[in-house]
Amino acid sequence: MARCNRFDRIEHILEEMSLAGFGPTFETSLELVSTSVKSQRLREAFDLIQTMRKFKIRPAFSAYTTLIGALAGAHKPEHPHLMLTLFQQMQELGYEVTVHLFTTLIRVFARDGHVDAALSLLDEMKSNSFDADIVLYNVCIDCFGKVGKVDMAWKFFHEIKTHGLKPDDVSYTSMLGVLCKAGKMDEAIELFEQMEINKAVPCAYAYNTMIMGYGNAGRFDEAYGLLERQRLKGSIPSVIAYNSLLTCLGKKGKVDEALKIFNEMKKDAMPNLPTYNILVDMLSRAGKLDSALEIQTDMKESGLVPNVMTVNIMIDRLCKANKVEEACSVFRSMDRKICGPNKFTFCSLIDGLGRHGRVDDAYKLYEEMLDCNETPDAIVFTSLIRNFFRAGRKEDGHKIYKEMTRKGASPDLTLLNTYMDCVFKAGETEKGRALFEEIKDRFTPDARSYSILIHGLIKAGFARETHELFYAMKEQGCVLDTLAYNTVIDGFCKSGKVNKAYQLLEEMKSKGHQPTVVTYGSVIDGLAKIDRLDEAYMLFEEAKSVNVELNVVVYSSLVDGFGKVGRIDEAYLIIEEMMQNKLNPNIQTWNCLLDALVKAEEIDEALVCWNSIKELKCIPNIISYSIIINGLCRVRKFNKAFVFWQEMQKQGMKPNGITYLTMISGLAKAGNIYEADKLFERFKLNGGVPDSACYNTMIEGLSLANKASDAYRLFEETRLKGCCIYTKTCVVLLDALHKAECLEQAAVVGAVLREAAKSQHASRAF
């Protein structure tokens with residue numbers, strides 16, 4: 001039954017045996033546990049032992065030790081607790097626990113960072129009069145050292161001698177590894193020299209450890225010296241030593257030096273598959289893809305066949321170097337009989353194709369992955385969702401998520417964060433909110449989850465929700481990173497809570513997070529928008545003093561702020577400083593200045609500014625033209641405004657409603673009623689809705705141009721639209737109708753005028 005995984009039936013049989021007054025033999029109980037362990041059903045094996053105990057059946061000693069050993073080998077968070085439970089049950093049953101069992105438990109607890117539990121086991125072992133052996137000490141040095149407890153590792157190393165034991169090669173090598181990893185090279189060198197005293201045969205593992213330590217510290221000359229010292233002692237450096245050295249050279253970007261060492265190593269040790277993989281990875285990261293391919297050829301000539309790791313490295317690096325076609329070529333050239341693709345191969349290429357817009361090819365590769373019986377993980381689905389959304393195919397992105405849930409695959413937090421980000425960017429605000437609720441149901445939202453939600457809501461116009469979300473984030477204990485601070489600060493600024501944003505900026509600095517150009521930019525813009533310009537400028541100066549590289553957006557915020565309050569000279573100074581810092585103002589910056597000059601009716605200065613824009617080869621946009629046309633019309637330079645209007649049309653730009661109405665009114669007031677009427681009709685044809693001011697201006701213009709009939713027609717249209725007709729307009733139209741002898745229409749206008757006068761009189765009397 002155990003072999004057939006019929007665990008439900010086993011419990012029933014054990015119960016019957018217990019009622020009958022006997023139980024399975026020790027051999028049977030061991031066989032039950034061993035069978036479960038072999039099939040990797042460790043939880044079921046644990047439950048079997050608990051079932052035996054429930055029915056007063058004594059599990060075999062070997063059943064306990066077999067399961068404890070298996071749990072130790074499988075790295076899962078719940079395993080240390082299960083192992084300790086089994087260990088305590090053994091003691092309850094009177095089984096004699098050994099130093100070896102204590103060592104196994106201490107290794108697992110220390111390895112997983114449960115330092116207090118590991119030390120507690122050590123104390124228990126000593127209280128039971130067990131003498132620690134060299135194996136236990138070596139385990140303690142290694143495991144405590146790996147979790148960063150260097151002082152504790154040192155303590156165990158020194159205890160070896162005080163307990164009458166002698167450190168062996170493993171003791172020294174483990175301690176050397178701990179010291180090197182902690183960057184304590186001087187202590188490591190001193191210990192290594194102690195080890196070498198009176199040692200006839202050098203320990204290759206210790207040399208390898210020290211070479212890796214020197215390499216990680218960037219002390220390559222000393223590493224090379226150690227290689228030579230090893231040779232002189234009659235020990236040939238192994239391929240492991242060279243691989244360690246090559247790995248460190250690669251991390252430090254010393255590619256040419258690594259290739260030189262690779263050629264030299266052939267005198268001592270033949271390169272193996274990991275050697276070639278290290279080189280392929282290093283060369284690919286450095287962008288030397290042709291050299292990486294040459295190394296692969298060298299590998300084949302040496303009689304080594306590239307494994308799937310080699311292929312994965314090449315495909316991943318080619319994709320990141322935007323050489324997707326070459327990556328596909330490497331994938332297609334794989335000999336499936338010798339080296340088939342695994343899930344990492346598919347994942348890299350699916351993502352590479354998607355990032356380069358080839359989402360259909362990425363999806364076909366995903367289908368091929370399924371055909372190869374490879375199970376896509378959350379990383380593959382994340383890539384597909386993100387890249388479909390980036391390609392503007394949000395419906396396909398949603399389908400991928402549905403397909404994932406249909407297949408029973410579980411999303412991780414990264415996937416849901418990415419999906420929520422894509423959804424918000426696609427404008428689906430409510431769907432984004434729903435996804436955040438799903439994250440809360442499945443996981444604990446992290447700082448990125450909140451950052452995406454807040455940013456998405458800000459973009460959708462819900463910046464006022466930032467305050468509530470920020471405090472929810474704090475209550476949950478989220479540790480804010482720079483991105484999260486920037487997002488929340490931006491939200492506070494956009495919702496008008498600039499003081500709160502300022503406080504958060506100070507908190508950010510006190511927590512050791514250096515504000516970025518985005519942080520300063522948000523607060524400066526927020527202050528400028530509420531006319532707190534002196535504070536904005538002080539913050540601007542602070543950013544420069546801490547060497548934050550300010551961008552065009554920050555400068556534009558100040559130009560806009562100074563311009564809106566009429567401090568135009570200061571706005572000019574900001575632009576000058578910007579250009580001195582070799583930052584070219586963009587059209588948004590110039591538009592801020594143009595708008596300020598127009599509002600101050602400095603139209604001549606605005607025209608000078610316009611010429612500067614052209615000279616600096618900055619192309620005006622529709623907003624630029626709208627500002628200058630509106631400005632010219634405000635000072636009644638209608639004909640000049642029309643020249644800009646025509647220029648804008650030639651550039652293929654479509655005017656907005658305000659510009660249309662301004663230009664129509666301007667032309668009508670200037671007496672160019674023909675062009676005004678053409679624009680007016682075109683505006684309505686394009687779906688534009690004229691306002692009262694535009695209708696009145698057109699009626700007056702047509703009346704003054706002796707087009708009384710057209711003026712009256714527009715008068716009737718204005719009344720039908722429910723727009724207000726000014727008294728002055730009625731007087732001008734009435735005069736034109738009388739001149740044209742349109743007496744019937746004049747009577748109607750006169751009646752409207754009298755009605756308006758009565759209404760005005762009644763209003764005054766009231």
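In the predicted model, E601 has a relative accessibility of 48% and therefore counts as partly exposed, a class that lies between the buried limit of 20% and the exposed limit of 50%. This residue is placed in the loop that links α34 (587–599) to α35 (603–615). Although E601 is not a glycine, its phi is positive, at about 60 degrees. A positive phi of about 60 degrees is also found at Q40, likewise not a glycine. Q40 belongs to the loop between α2 (26–38) and α3 (42–54). With a relative accessible area of 60%, Q40 is exposed.

The secondary structure of the chain comprises 43 helices and zero strands. The radius of gyration is 40 Å, whereas the globule rule gives 27 Å for 766 residues; the former is well over the latter, so the chain is more spread out than a compact globule. The C-alpha trace spans about 125 × 75 × 55 Å along its principal axes. Of the contacts between residues at least 6 apart in sequence, 59% join residues that are at least 24 apart.

Buried residues account for 48% of the 766 residues in the chain. The exposed area of the chain amounts to about 38500 Å², of which carbon and sulfur atoms supply 52%. The chain carries 95 positive and 100 negative charges, and the mean positions of these two sets are 3 Å apart.

The largest nonpolar core contains 246 residues, and L67, M210 and I629 are those with the most contacts inside it. Apart from this core lies another, of eight residues, among them M17, L32, L48 and I57. When residues up to four places away in sequence are not counted, L67 touches V33, V37, L42, A45, F46, I49 and L86.

A further buried position was examined in helix α26 (residues 447–459), where L453 is located. The relative accessibility of L453 is 4%, and this residue therefore counts as buried, the limit being under 20%. Residues up to four places away in sequence again being left out, L453 touches M420, F424, F436 and L469. Between L453 and V552 the separation is 99 residues in sequence and 27 Å in space, C-alpha to C-alpha.

Methods: Residues numbered from 1 in each chain as written. Predicted model: local features only at pLDDT ≥ 70, side-chain atom pairs only at ≥ 80, totals over all residues. Heavy atoms only, no water. Helix = DSSP H or I, 4+ residues; strand = E, 2+ residues; numbered from the N terminus. Rg over C-alpha atoms; globule rule 2.2 N^0.38 Å. Buried < 20%, exposed > 50% of the residue type's maximum accessible area, 1.4 Å probe, protein only. Contact = heavy atoms within 4.5 Å. Areas by Shrake-Rupley, 256 points an atom, 1.4 Å probe, with all protein chains shown as cover. Lys, Arg positive; Asp, Glu negative; His and termini not counted. Charge placed at Lys NZ, Arg CZ, Asp CG, Glu CD. Core = buried A, V, L, I, M, F, W, Y, C linked by side-chain atoms within 4.5 Å.
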